[in-house]
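Student: I would like a close look at one part of this model. Take one residue as the starting point and work outwards from there. Keep it brisk.

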Amino acid sequence: AGVELCGDPGARSRLHSLAQRLRKKLTEGGIDCSGSRGPIVPVIIGSNQAALEAARRLQEEGFDVRAIRPPTVAPGSSRLRISVHADHCEDDIDRLGAAVLQIIREEKTG
């Protein structure tokens with residue numbers, strides 16, 4: 001069962017805190033989160049293939065992350081769509097952030 005946000009300001013606050021935690025970790029690692037502020041954290045990758053590969057690798061690690069590509073977004077701005085949920089724990093967020101940073105680093109150097 002998921003955490004009910006309606007009428008639960010504690011869950012809503014936790015959700016935004018977790019999303020901010022992820023954005024901070026990614027931004028400190030040099031990742032463009034496109035100025036997002038809500039529970040959906042976009043990670044701009046660029047190419048379609050790189051976004052698909054990053055999403056595949058994250059899914060293999062157990063994270064439900066999707067690649068978003070044209071025509072949904074402009075060409076050359078393919079991205080990962082990360083949806084943070086209030087029932088995630090800080091360790092989940094930290095592991096996800098570390099995995100995204102690792103995959104992006106490997107993409108740039110590989």
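Student: In which helix is the place of R23, and which residues does that helix span?

Tutor: The model is predicted, so read what follows as a description of a prediction. R23 sits in helix 1, which spans residues 9-28.

Start with the charge on R23. The residue is buried, yet R23 has no salt bridge. The nearest side chain of opposite charge belongs to D32, and D32 is 11 Å away. A salt bridge needs a side-chain nitrogen of Lys or Arg within 4 Å of a carboxyl oxygen, so D32 at 11 Å does not qualify. What does the side chain of R23 reach instead? It reaches the backbone oxygen of G38, at 2.8 Å. G38 also appears among the contacts of R23. Set aside neighbours within four places in sequence, and R23 is in contact with C33, S36, R37, G38, I40 and V41.

Now the setting of that helix. Helix 1 lies across strand 1 and strand 3. Its direction is at about 25° to strand 1. Strand 1 covers residues 40-46. I40 and V41, both contacts of R23, fall in that range.

Next, the sheet itself. Three strands form an open sheet, in the order 1-3-2, with antiparallel pairing. Strand 1 and strand 2 (66-68) stand at the edges. Each has a single partner strand, so one side of each is left without a neighbour in the sheet. Neighbouring strands are turned by 30° against each other on average, direction ignored. Strand 1 pairs with strand 3 (residues 78-83) over six bridges, in the antiparallel sense. Within that pairing, I44 stands opposite R79 of strand 3.

R79 deserves its own look. R79 is found in strand 3. Like R23, which is buried without a salt bridge, R79 is buried and has no salt bridge. D32 is again the nearest side chain of opposite charge, here 7.7 Å away. With a salt-bridge cut-off of 4 Å, that distance is too long, so the pair does not count. The side chain of R79 reaches a backbone oxygen, that of S77, at 3.1 Å. Not counting residues up to four places away in sequence, R79 touches S34, P42, V43, I44, I45, A51, R66, A67, I68 and V73.

S78 is also in strand 3. Is S78 buried or exposed? S78 is buried, with a relative accessible area of 0%. Its side chain and that of N48 are joined by a polar contact of 2.6 Å. Beyond four places in sequence, the contacts of S78 include V43, I44, I45 and G46. Among the others are S47, A51, I68, P70 and V73. How does S78 stand to Q20? The two are 58 residues apart along the chain, and their C-alpha atoms are separated by 22 Å.

Two buried arginines go without a partner, as seen for R23 and R79. Where, then, are charges paired? Side chains of opposite charge can pair when their charged atoms come close. A search of the whole structure finds eight salt bridges.

One is in helix 1. There, the side chains of E28 and K24 meet at 3.0 Å, N to O. E28 and K24 are four residues apart, about one turn of the helix. E28 counts as exposed because its relative accessibility is 59%, and exposed means over 50%.

Another is in helix 2 (residues 48-60), where E53 and R56 are three residues apart, about one helical turn. Their closest N and O atoms are 2.4 Å apart. E53 is partly exposed, at 28% relative accessibility. R56 is partly exposed too, at 35%.

Helix 3 (residues 90-109) holds R95 and D92, three residues apart, about one turn of the helix. Their side chains meet in a salt bridge of 3.9 Å, N to O. R95 is partly exposed at 48%. D92 is partly exposed at 27%.

Finally, R21, E90 and D94 are linked in a network of salt bridges.

Back to the starting point. R23 is buried without a salt bridge, and its side chain reaches the backbone oxygen of G38.

Terms used. Residues are numbered from 1 along each chain as its sequence is written. This is a predicted model: local features need pLDDT of at least 70, side-chain atom pairs count only at pLDDT 80 or more; totals for chains, interfaces and linings use all residues. Side-chain values use heavy atoms; hydrogens and water are left out. Helices (H or I, at least four residues) and strands (E, at least two) are DSSP runs, numbered from the N terminus. Buried means under 20% relative accessible area, exposed over 50%, partly exposed in between (1.4 Å probe, protein chains only). Lys and Arg count as positive and Asp and Glu as negative; His and the chain ends are not counted. A polar contact is a pair of N or O atoms within 3.5 Å; within protein, one must be able to donate a hydrogen and the other to accept it, and residues adjacent in sequence count only if both atoms are side-chain atoms. Contact means heavy atoms within 4.5 Å. Two strands pair if DSSP finds at least two bridges between them. Axes are lines fitted to C-alpha atoms, for helices over the stretch in contact, and angles run from 0 to 180 degrees between N-to-C directions.
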